[in-house]
Amino acid sequence: MGSLQLEDFAAGWIGGAASVIVGHPLDTVKTRLQAGVGYGNTLSCIRMVYRRESVFGFFKGMSFPLASIAVYNSMVFGVFSNTQRFLSQHRCGEPEASPPRTLSDLLLASIVAGVVSVGLGGPVDLIKIRLQMQTQPFRDANLGLKSKAVAPGEQPAYQGPVHCITTIVRNEGLAGLYRGASAMLLRDVPGYCLYFIPYVFLSEWITPEACTGPSPCAVWLAGGMAGAISWGTATPMDVVKSRLQADGVYLNKYKGVLDCISQSYQKEGLKVFFRGITVNAVRGFPMSAAMFLGYELSLQAIRGDHAVTSP
């Protein structure tokens, strides 16, 4: 693999770190709304987290994704860029640096990136959500469900990312790290199609024909809009994934994706699958804008280019 291909992975690492820093506070709110109880709407959730845990409550579980999500995004962006480039070159039959792209190339590359994202990101997401959720109130603790850890109000189940990993592996085996992976796959495959494809077409549409590549402003706007579209449409399956991954901090309620969907619908109705859609879309804009801007600008700096180029 040549240096051109490896640069995509390095740029994805930088963009991933930027997206975590920007998006984690709202990600915590989103997780609490989807998998927690007693939070009401977005604003009441923000007030409750701040009142109970101060501003630091919004950054619970951030250290692990900050250390790992950069590697995760590095792989996702690297896989997407190299797959798309390979497909375009194979179709054209010429080893060009930037062959023309088609919708089919972008679609297949997005699907591959989505599959890879689950293999790498499943455990990362699980640990993040377990750490985010362990301080929230569990009303169901007294409903006769199987308790796995300490009672609510006592010492948290996990003392940190490493302890969380060892506890899950000890209690559930290595397969426990991939709890909710099927729901994540159903979320990420279409989610990445609605992430990369809108970004590519929006950035090209915003950029004047006279320019060799999109400006940082165009990258920021196209990346933000793509993130809002992707996260907004992914919300129903994101709710199921969050509930499955949060399940097990103190209780075991769900047997799988269909059981989670069935129980959630029976107890809370159809609206439960759109819980957190506002914060998902709002959070998706700055998080994805930072992701793509960090990716494009670092790629530009690595290559020594003067124009930003799309993945």
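**Helix geometry and core packing in the predicted model**

Helix α3 makes a handy starting point: with 30 residues at 1.5 Å each, α3 should span 44 Å, and its end C-alpha atoms do sit 44 Å apart, so expectation and model agree. The model is a predicted one. Even with that agreement in span, α3 bends by about 35° at isoleucine 69.

Helix α7 tells another story. A straight helix of 31 residues would cover 45 Å at 1.5 Å a residue, yet α7 spans only 37 Å between its end C-alpha atoms. There is a kink of about 65° in α7 at threonine 235, shortly before proline 236. As for its surroundings, 22 of the 31 residues of α7 are buried, so α7 is largely enclosed by the rest of the structure.

Stepping back to the whole chain, the protein has nine helices and two strands. Along the sequence these run in the order α-α-α-α-β-α-α-α-β-α-α. Out of 311 residues, 52% count as buried. Among contacts in the chain with a separation of 6 or more, 78% come from residues 24 or more positions apart. The accessible surface adds up to about 13900 Å², and carbon and sulfur atoms account for 67% of that.

On to the packing. In general, nonpolar side chains in soluble globular proteins tend to be buried together. The largest nonpolar core here holds 39 residues, and Phe77 and Phe196 are the ones touching the most other members. Elements giving two or more residues to this core are α1 (3-35), α3 (63-92), α4 (103-133), α5 (161-172), α6 (181-206), α7 (216-246) and α9 (277-303). Helix α6 gives the most, at ten residues. A second core, separate from this one, has nine residues, including Met237, Val240, Leu244 and Cys260.

Phenylalanine 196 deserves a closer look. Setting aside neighbours within four places in sequence, phenylalanine 196 is in contact with Val76, Phe77, Phe80, Ser110, Ala113 and Phe292. Aromatic rings are a recurring theme: a search of the whole structure turns up eleven aromatic pairs. In one of them, tyrosine 192 and phenylalanine 196 are stacked, with 5.7 Å centre to centre and 20° between the planes. These two residues are four apart in helix α6, which means that about one helical turn separates them. Tyrosine 192 and phenylalanine 196 are both buried. Ring pairs also link a wider cluster made up of Phe77, Phe80, Tyr192, Tyr195, Phe196, Tyr199, Phe292 and Tyr295.

A few individual positions round out the picture. Glycine 78 is located in helix α3 and counts as buried because its relative accessibility is 0%. In sequence, glycine 78 and tryptophan 13 are 65 residues apart, but in space their C-alpha atoms are 9.3 Å apart. Leaving out neighbours within four places, the contacts of glycine 78 are Asp8, Phe9 and Asn73.

Over in helix α4 is aspartate 125, a charged residue type that is nonetheless worth checking for burial. Its relative accessible area is 12%, under the 20% cut-off, so aspartate 125 is buried. Away from its neighbours within four places in sequence, aspartate 125 is in contact with Met184, Arg187, Lys241 and Gln245.

The last stop is the stretch around α2. Valine 49 belongs to helix α2 and, at 1% relative accessibility, counts as buried. Valine 49 and threonine 28 are 21 residues apart in sequence, with a C-alpha to C-alpha distance of 9.3 Å. Not counting residues up to four places away, valine 49 touches Arg32, Tyr39, Ser54, Gly57 and Phe58. One of those partners, serine 54, lies in the loop between α2 (42-53) and α3. Most residues other than glycine have a negative phi. Serine 54 has a positive one, with phi near 65°. At 30% relative accessibility, serine 54 counts as partly exposed.

Methods: Residues numbered from 1 in each chain as written. Predicted model: local features only at pLDDT ≥ 70, side-chain atom pairs only at ≥ 80, totals over all residues. Heavy atoms only, no water. Core = buried A, V, L, I, M, F, W, Y, C linked by side-chain atoms within 4.5 Å. Buried < 20%, exposed > 50% of the residue type's maximum accessible area, 1.4 Å probe, protein only. Contact = heavy atoms within 4.5 Å. Expected span 1.5 Å × (residues − 1). Bend = angle between axes of the 7 residues up to and from the residue. Areas by Shrake-Rupley, 256 points an atom, 1.4 Å probe, with all protein chains shown as cover. Phe/Tyr/Trp six-rings, centres within 6.5 Å; stacked < 30°, edge-to-face > 60°.
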